Amino acid sequence: MKATLRTVRLTLAEPLRISRSTMSARDAVWLTVEHEGLTGHGEAVTSVYYGLNTTVLERQLYEAGLDLGRFGDPESALRGRPAGDRPPAVTAAVEAALLDLCGKRSGVPVHRLLDAKSARTAPTPPGGPSAPSARTARTIGIVPAERAAAQARSLADSGFTVIKVKAGAPDPEDDLDRIRAIASAAPRARLLLDPNGAWTSTQALQLLPRYAELGVEAVEQPLAPGDPEALARLAERSPLPLIADEDAVTYEDVRRLAGRVHGVNVKLAKCGGPYAALRIAELIEGSGTELMLGCLTASTLGLAPAVHLADRARWADLDGHLLLADDPWTGIGGADGVVRASDLPGLGVRERRVGREDAA
């Protein structure tokens, strides 16, 4: 097998402000694995929060590409490749590329490969399982209430029924005003709230009832990460479901919180790929903790593996590609509020344009 890398700049349509930062662009590193005339693709994106810059991703993916050369084919690489000490985002990108290639070689979409791996017991419809799809949340950042209302109205007109609102402004009343404006502009939309760990426990206990009155469905990571016990205690007293994100990175993180919070946000780039996500989904099944599938801001290529799992989640927050000014890949949709996996072999995505290339 031969591996190559390409690095491109992903620019957002408009800067996204959250409680801890504002982002306007990030780099994506694409891994392409070639074997016997077919190619598979995966993507990892830079993240200040996770300590992943372009240099780190390029080096790690280069080394991962070299390591793949010791396998005779992608199927054996997928079975025998240890995660090692590489960042989860790198492991996820490698796994995505191998799944894409294995799917193309076998003529089946990735979701069917994952179904076979996860021992699902649901009845299989004639002709095989249908391609997963889900209504995805669409994120509105920390913006003035008037701007948020206009965005919400436009999203509702486009077909979005779930809106995720960022919170954590210096003045909590600004966040409440934003939610009121969004609820008024899109009264039929389900609302999720994400302070990205900006609140203290005292603030959360004061604010959660007010958001419940405004019709918010669930709140993601209200407390600063690092004290999952505090998050679990808050969940016991919360009038709204609480979803752990930054406190639910690894399998062990989720094991400690299973049954103690209402949901966990699983992102392939933080847990290590589709198979790690499946393990987490199996872990929480029946515990009272439900699955949310989330993402980093990335291209369609980066989102596609999670979309192949989308029918397993109560909440889908798979809009990272929709935040871009120019998505260089296509194949999962989402502009109408619904992301859809393809029944084409592999990930079912195709490239619109390319960046610079380096051989691994």
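Here are a few exercises with worked solutions on this predicted model.

**Exercise 1: the antiparallel strands at the start of the chain**

Task: Work out how strand β2 pairs with β1 and with β3, and how the chain gets from one strand to the next.

Solution:
- Step 1. Start with β1, residues 2-17, and follow its pairing with β2: the two run antiparallel, with 12 bridges between them.
- Step 2. Pick out a pair to check the register. Arginine 9 in β1 sits opposite aspartate 27 in β2.
- Step 3. Now look at the link. β1 and β2 are joined by a hairpin, and 4 residues make the connection.
- Step 4. Go on to β3. β2 and β3 are antiparallel too, and 8 bridges hold that pairing. Here glutamate 34 has threonine 39 of β3 as its bridge partner.
- Step 5. Check the second turn. This hairpin has 2 residues between β2 and β3, and glutamate 36 in the turn shows a positive phi of about 50°.

Follow-up: Is β2 largely enclosed or not by the rest of the structure? Count the buried residues: 10 of the 14 in β2 (residues 22-35) qualify, so the strand is largely enclosed.

**Exercise 2: a threonine in a helix**

Task: Decide whether threonine 54 is buried or exposed, and list what it touches.

Solution:
- Step 1. Place the residue: threonine 54 belongs to helix α1, which covers residues 54-68.
- Step 2. Apply the cut-off. Buried means under 20% relative accessible area. Threonine 54 has 19% relative accessibility, so it counts as buried.
- Step 3. Look for neighbours, leaving out residues up to four places away in sequence. Threonine 54 touches Thr7, Asp27 and Thr46. Asp27 is the residue that stands opposite arginine 9 in the β1-β2 pairing.

**Exercise 3: the parallel sheet**

Task: Give the strand order of the open sheet, find its edges, then zoom in on β10.

Solution:
- Step 1. Walk across the sheet. Its 8 strands come in the order β5-β6-β7-β8-β9-β10-β11-β12, with parallel pairing.
- Step 2. Find the ends. β5 (137-140) and β12 (315-316) each have a single partner strand, so each has one side without a neighbour in the sheet.
- Step 3. Turn to β10 and its partner β9 (residues 242-244). These two run parallel and share 2 bridges. Isoleucine 243 is paired with glycine 263 of β10, and alanine 244 is paired with valine 264.
- Step 4. Trace the connection. From β9 the chain passes through helix α9 (residues 251-257) to reach β10, a right-handed β-α-β crossover.
- Step 5. Look at β10's other pairing, with β11 (residues 290-293): parallel again, over 4 bridges. Valine 264 faces leucine 291 of β11.
- Step 6. Sort the side directions in β10. Gly263 and Asn265 point one way, Val264 and Val266 point the other way, and all are buried.

**Exercise 4: the nonpolar cores**

Task: Which residues have the most contacts inside the largest nonpolar core, and which helix gives the most to this core?

Solution:
- Step 1. The largest core holds 112 residues, and the ones with the most contacts inside it are Leu61, Ile163, Leu193, Tyr211 and Leu318.
- Step 2. Among helices, α3 (residues 88-106) is the top contributor, with 10 residues.
- Step 3. Take leucine 193 as an example. Leaving out residues up to four places away in sequence, its contacts include Val165, Ile179, Trp199, Tyr211 and Val219.
- Step 4. Don't miss the second, separate core. That one has 7 residues, among them Ala137, Val162, Leu192 and Ala218.

**Exercise 5: cavities and the largest pocket**

Task: Find the enclosed space and the open space, and say what lines each.

Solution:
- Step 1. Searching the whole structure turns up 3 cavities of 30 Å³ or more. The largest cavity has about 240 Å³ of space.
- Step 2. That largest cavity is lined by 22 residues, with Glu43, Leu268, Ala269, Gly302 and Leu303 closest to its centre.
- Step 3. Assign the lining to elements. β3, α3, α10 and α12 each supply at least two residues, and α12 gives the most, with 5 residues.
- Step 4. Switch to the largest pocket, at about 640 Å³. Its lining has 32 residues, and Ile18, Arg20, Met23, Arg26 and Leu296 lie nearest the centre.
- Step 5. Assign this lining as well. β2 and β6 each supply at least two residues, with the largest share, 4 residues, coming from β2.

Notes. Residues are numbered from 1 along each chain as its sequence is written. This is a predicted model: local features need pLDDT of at least 70, side-chain atom pairs count only at pLDDT 80 or more; totals for chains, interfaces and linings use all residues. Side-chain values use heavy atoms; hydrogens and water are left out. Buried means under 20% relative accessible area, exposed over 50%, partly exposed in between (1.4 Å probe, protein chains only). Two strands pair if DSSP finds at least two bridges between them. A crossover is right-handed if, with the strands pointing away from the viewer, the path from the first strand over the helix to the second runs clockwise. A nonpolar core is a set of buried Ala, Val, Leu, Ile, Met, Phe, Trp, Tyr and Cys residues joined through side-chain atoms within 4.5 Å. Contact means heavy atoms within 4.5 Å. On a 1 Å grid over the protein atoms alone, a cavity is a set of points where a 1.4 Å probe fits but cannot get out, and a pocket is an open set with protein on both sides within 12 Å along at least five of seven lines; lining residues have an atom within 4 Å of a point. Grid points are joined across faces, edges and corners, and a volume is the space filled by probe spheres set on the points.
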